[in-house]
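Biologist: Hi! Could you walk me through this protein, one piece at a time?
Modeller: Happy to. Let's put it on screen and begin with a pair of charged side chains.

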Amino acid sequence: MTAATAAGAAAAAAAVSLVTCFLLFHNSNLKFPWARTARPSCASGRRTRRRGLVEAIGNTPLIRINSLSDATGCEILGKAEFLNPGGSVKDRVAVKIIEEALESGDLICGGTVTEGSAGSTAISLATVAPAYGCRCNVVIPDDAAIEKSQIIEALGATVERVRPVSITHRDHFVNIARRRALEANKLAAEQRESNETRTNGLAHVNSKMTDDKLAAMQNALKKTQNNDPAHVSTEMAHSSKCDPSSDSKGGFFADQFENMANYQAHYEWTGPEIWEQTKGSLHAFVAAAGTGGTIAGVSRYLKEKNRSIKCFLMDPPGSGLFNKVTRGVMYTKEEAEGKRLKNPFDTITEGIGINRVTRNFMMAELDGAYRGTDREAVEMSRFLLRNDGLFVGSSSAMNCVGAVRVARDLGPGHTIVTILCDSGMRHLSKFFNDQYLADHGLTPTATGLEFLDK
């Protein structure tokens, strides 16, 4: 009886605990609708067939950044894109670019995707390409963190590190990547021509073979097929469909800056996820721009859902987009629009900031822009690590600086969403290197958010 009573009491206590947990979780969802994450119907319908690694991309959680939310009286939420398989928001772009290229025939299975990238897009392409039976060739500026090119090489891609030059220079990393695709296509054409010549020659020789030799070959082939017909047919089918190790299948230049698949990935995928995860209860979105795809796709989608949602650009040092958004031109009194391109020493942040307007960025619908500094980005990254356990890269840190600025301008009670693009793991040699920061006079010293008060 005593045991039964104890068991009953334990069961009752467990039931009460479960009910209490449910009520607490349920109530928290009423207050914060983004706490319950569901796969957006529009995003899940984006592809009817999903396979392996590709299926794991997207539907990243929307994280309440507690320290910044408590400090501002707003709900500041970060889309945790660093949790994608390739480690960044660029996984979405890589999938969209490759899928569209395969569908259009610009890229074939076994072909090589080439791209000029400061790191994240290259890593994502190198991660995703093998899932589609393709190879990857990357051209990266040699001022990017060395670990990025090491990751790309470890993923099996070919990497070329080149010196940073103006986009107008033929040896800019993007222009070199474009040439590599053309070279791969030329090589593929030459190999096809060579194969056709060899095939024609073989056919000529075969026509002169005696009937006895031909019969012997046919008998040998039949024996092979009888031994393992399933294996032979399977291997032949696979080889004819896709064999990345065979002769060159040509190249495809991903062109992330101007390829509208970049913008579409975020308009069709990231934007809908943010809308669903917040249940439409957000007041502002803020992010920095490199190619412009993320801020363009997300801002346009959110504006179409609710015109009152404010969308802002966060621009790093050396970039002209702040001027473009706020004044309509990218020049200062000393500069002519489109002539001055981002100097690699203007900022230690990577992957954001540019001095030309890309096709992707032109799709953005923005209400304003903010400027950030390298020191603010560095201090913010350490603040998030100390207070939230968030180990994020330079662009993510800059986005969070922007989120605080928006929160302060809007006032308490608002919900602001930003993008946590990638983690700090690919920024160890520069952004998280104490000696590198000391050499640039950027050693972090703040204990709170006082670095944003200046």
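Modeller: This is a predicted model. Glutamate 160 and arginine 180 form a salt bridge, and their closest N and O atoms are 2.7 Å apart.

Biologist: Which parts of the chain does that pair tie together?
Modeller: Glutamate 160 is in strand 5 (residues 158-162) and arginine 180 is in helix 8 (residues 173-207), so the salt bridge ties together parts that are 20 residues apart in sequence.

Biologist: And is arginine 180 buried, exposed or partly exposed?
Modeller: Arginine 180 has a relative accessible area of 24%. Buried would mean under 20% and exposed over 50%, so arginine 180 counts as partly exposed.

Biologist: Why do such side chains pair up at all?
Modeller: Side chains of opposite charge can pair when their charged atoms come close.

Biologist: How many salt bridges are there in the whole structure?
Modeller: A search finds 19 of them. One of those joins glutamate 273 to arginine 92, with 2.8 Å between the closest N and O atoms. This pair links distant parts of the chain, since glutamate 273 sits in helix 11 (residues 261-277), arginine 92 sits in helix 5 (residues 90-104), and the two are 181 residues apart.

Biologist: Are those two buried or exposed?
Modeller: Both glutamate 273 and arginine 92 are buried.

Biologist: Got another one for me?
Modeller: Sure. Arginine 405 and glutamate 376 meet through their side chains in a salt bridge, at 2.3 Å from N to O. Arginine 405 belongs to helix 15 (residues 394-410) and glutamate 376 to helix 14 (residues 374-388), so this pair ties together parts 29 residues apart in sequence.

Biologist: How accessible are they?
Modeller: Arginine 405 has a relative accessible area of 18%, which makes it buried. Glutamate 376 is at 7% and counts as buried too.

Biologist: Which residues are joined by salt bridges that share partners?
Modeller: Lys79, Glu81, Arg92 and Glu273 are joined into one network that way.

Biologist: Arginine 92 came up again there. What ring does its charged end sit over?
Modeller: The ring of tryptophan 269, with the charged end of arginine 92 at 5.2 Å from the ring centre. Arginine 356 also lies over a ring face, in this case that of phenylalanine 257, 4.8 Å from the centre.

Biologist: Let's stay with rings. How many aromatic pairs does the structure have?
Modeller: The search finds 5 aromatic pairs. One is between phenylalanine 312 and tyrosine 370, which meet edge-to-face at 5.5 Å centre to centre, with 65 degrees between the planes. Phenylalanine 312 is in strand 8 (residues 310-315) and tyrosine 370 is in strand 9 (residues 368-371), so the rings tie together parts 58 residues apart in sequence.

Biologist: Are those rings on buried or exposed residues?
Modeller: Buried ones. Phenylalanine 312 is at 10% relative accessibility, and tyrosine 370 is at 13%.

Biologist: What about another pair?
Modeller: Phenylalanine 431 and phenylalanine 432 are edge-to-face as well, at 5.4 Å centre to centre and with 85 degrees between the planes. Phenylalanine 431 counts as buried at 1% relative accessibility, and phenylalanine 432 does at 16%.

Biologist: Which residues form an aromatic cluster?
Modeller: Tyr263, Tyr267 and Tyr301 form one.

Biologist: New topic: strands. Why is strand 10 described as largely enclosed?
Modeller: In strand 10 (residues 415-420), 6 of the 6 residues are buried, so the rest of the structure largely encloses it. Both faces are covered: Thr415, Val417 and Ile419 are buried on one side, and Ile416, Thr418 and Leu420 on the other.

Biologist: Which strands is it bridged to?
Modeller: Strand 2 (residues 75-80) runs parallel to strand 10 and is joined to it by 6 bridges. Within that pairing, glycine 78 has threonine 418 as its bridge partner. Strand 7 (residues 284-287) is also parallel to strand 10, with 2 bridges, and there alanine 284 partners isoleucine 416.

Biologist: Can we zoom out to finish? How many helices and strands are there?
Modeller: The protein has 16 helices and 10 strands. Of its 454 residues, 50% are buried. The exposed area is about 21300 Å², and carbon and sulfur atoms supply 55% of that.

Notes
Residues are numbered from 1 along each chain as its sequence is written. This is a predicted model: local features need pLDDT of at least 70, side-chain atom pairs count only at pLDDT 80 or more; totals for chains, interfaces and linings use all residues. Side-chain values use heavy atoms; hydrogens and water are left out. Helices (H or I, at least four residues) and strands (E, at least two) are DSSP runs, numbered from the N terminus. Buried means under 20% relative accessible area, exposed over 50%, partly exposed in between (1.4 Å probe, protein chains only). Accessible areas come from the Shrake-Rupley method with a 1.4 Å probe; for residues, only the protein chains shown count as cover. Rings of Phe, Tyr and Trp (its six-membered ring) pair if their centres lie within 6.5 Å; planes under 30 degrees apart count as stacked, over 60 as edge-to-face and the rest as tilted. A charge sits over a ring if NZ of Lys or CZ of Arg is within 6 Å of the ring centre and within 35 degrees of the ring normal. Two strands pair if DSSP finds at least two bridges between them. A salt bridge is a side-chain nitrogen of Lys or Arg within 4 Å of a carboxyl oxygen of Asp or Glu.
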